[in-house]
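Q: Please take a close look at the ligand site in this model. Then follow the structure outward from there.

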Amino acid sequence: MELLHTVEGMQAHADAARAASQRLALVPTMGALHEGHLALVEAARQRADHVTVSIFVNPTQFAPGEDYAQYPRTLDSDLAALESAGGVDAVFAPTPEAMYPFGLPPFTTVHVRDLNRYLCGAFREGHFEGVTTVVTKLFLACRPHVAIFGEKDAQQLAILRRMTAELGFGIEVIGHPIVREADGLALSSRNRYLSAEERQQAVVVSKALAEVHEAVAGGERDPRALVDAMRHTVATAPLAELQYAEVVDTELLQPVETLTSGRYLAALAVFFGATRLIDNTTLDLEGSDY
Ligand code: AMP
């Protein structure tokens with residue numbers, strides 16, 4: 001595994017792989033790797049000859065007061081986890097100075113309009129502009145043919161798909177299903193912040209989404225009823241504080257009046273103490289689910 005810390009070094013490495021006719025995949029991460037990240041790496045391997053994992057805690061996607069300073073930085077154990085999962089070709093782990101050589105905030109950013117109005121975008125000022133900007137910079141540094149992102153961050157995935165298509169990067173964006181613990185909790189680098197009691201109660205998040213599936217399978221088509229049911233389930237956990245529960249369409253990520261024959265996203269953000277967990281599920285009324 002080649003460990004690269006500079007944009008120029010990463011570009012030279014990627015160019016050499018491209019010159020050798022390899023197909024390059026990129027898995028962007030913020031490190032503190034878990035089985036969810038490793039599943040993305042495995043999916044990348046299946047689609048490419050050369051896999052780069054980027055590990056970068058991006059300062060511009062954290063709002064003031066969020067956990068940028070506390071976010072776990074565990075490069076050595078991340079490298080060990082990648083090695084024991086079979087290794088990758090390159091790990092791109094730049095410093096903030098390497099990624100933002102002209103300082104912060106950058107003068108040049110990438111903004112995707114409107115898709116950030118609901119869900120996390122409504123609560124995390126500037127977050128998605130930080131994401132689209134850093135992913136653009138990662139694309140330019142790592143020069144992939146294909147990039148893999150988790151459906152766990154569904155709004156991020158939708159925004160990055162739109163950005164990649166509209167700007168014409170010529171990069172295939174692949175979404176990977178959410179990897180969960182046995183009890184349903186979606187794997188997250190932030191789960192390590194949970195106390196034992198919070199961890200136990202955190203199961204309500206995925207439970208609320210599973211119940212949405214059941215309700216839709218049972219014929220429910222009113223998004224407000226689904227949102228109320230999610231609120232109710234989350235409220236059964238005394239340590240949970242709901243930030244949002246929403247049902248939106250998967251294209252424009254806007255709330256809908258009723259569920260017709262489209263695809264929808266039911267999504268939640270829930271605080272346990274200072275730890276913010278997100279989760280979601282797709283309701284495909286066009287498919288065979290219902
Ligand atoms: P992060 O390091 O949290 O920024 O995540 C890096 C990538 O891994 C993103 O594309 C996430 O959506 C994805 N990811 C994180 N957790 C999971 C999970 N439990 N299942 C699938 N993908 C995930």
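A: The shell around the ligand divides into 9 nonpolar, 5 polar and 2 charged residues. The model is a predicted one. In total, 16 residues surround the ligand. The closest are H37, G150, D153, V179 and L187.

Two of these closest residues, V179 and L187, also make polar approaches through the backbone. For V179, a backbone N or O atom lies 2.8 Å from a nitrogen atom of the ligand. For L187, a backbone N or O atom likewise sits 2.8 Å from a ligand nitrogen. M30 faces a ligand oxygen instead: a polar backbone atom of M30 is 2.9 Å from that oxygen atom.

How much of the ligand does the protein bury? The ligand taken alone exposes 490 Å², and the protein buries 92% of that. Three elements give two or more residues to the shell: β2 (24-29), α2 (35-47) and β5 (146-150). H37, one of the closest residues, falls within the bounds of α2. G150, also among the closest, falls within those of β5.

Two of the shell elements lead on to the nonpolar core. The largest nonpolar core has 42 residues. Those with the most contacts inside it are M10, F92, M99, V135, F139 and F149. Both β2 and β5 give two or more residues to this core. So do α1 (7-19), β4 (90-92), α5 (127-142), α6 (154-167), β7 (240-249) and β8 (263-272). The largest share, 8 residues, comes from α5. The core lies between domain 1 (2-176) and domain 2 (189-284), because both domains give residues to it. As a general point, nonpolar side chains in soluble globular proteins tend to be buried together.

Next, the loops on either side of α5. Most residues other than glycine have a negative phi, and most peptide bonds are trans. Several places here depart from that pattern. The peptide bond from L104 to P105 is cis, with omega near -10°. P105 is in the loop between α4 (96-99) and α5. D114 is in the loop between α4 and α5 as well. Phi of D114 is positive, near 65°. At 32% relative accessibility, D114 counts as partly exposed, since that value is between the 20% and 50% cut-offs. On the other side, R143 is in the loop between α5 and β5. Phi of R143 is also positive, near 50°. R143 is partly exposed, at 29% relative accessibility.

Two further loop residues come close in space to residues distant in sequence. R180 is in the loop between β6 (172-176) and α7 (196-201). With a relative accessible area of 32%, R180 is partly exposed. R180 and S206 are 26 residues apart in sequence, and 9.2 Å apart in space, C-alpha to C-alpha. E251 is in the loop between β7 and β8. At 52% relative accessibility, E251 counts as exposed, because the cut-off for exposed is over 50%. E251 and I159 are 92 residues apart in sequence, with 9.5 Å between their C-alpha atoms.

Notes
Residues numbered from 1 in each chain as written. Predicted model: local features only at pLDDT ≥ 70, side-chain atom pairs only at ≥ 80, totals over all residues. Heavy atoms only, no water. Near = heavy atom within 4 Å. Polar contact = N/O pair within 3.5 Å; in protein donor to acceptor, adjacent residues only side chain to side chain. Areas by Shrake-Rupley, 256 points an atom, 1.4 Å probe, with all protein chains shown as cover. Helix = DSSP H or I, 4+ residues; strand = E, 2+ residues; numbered from the N terminus. Nonpolar A, V, L, I, M, F, W, Y, C, P; charged D, E, K, R; others polar. Core = buried A, V, L, I, M, F, W, Y, C linked by side-chain atoms within 4.5 Å. Buried < 20%, exposed > 50% of the residue type's maximum accessible area, 1.4 Å probe, protein only. Domains from an automatic or database assignment.
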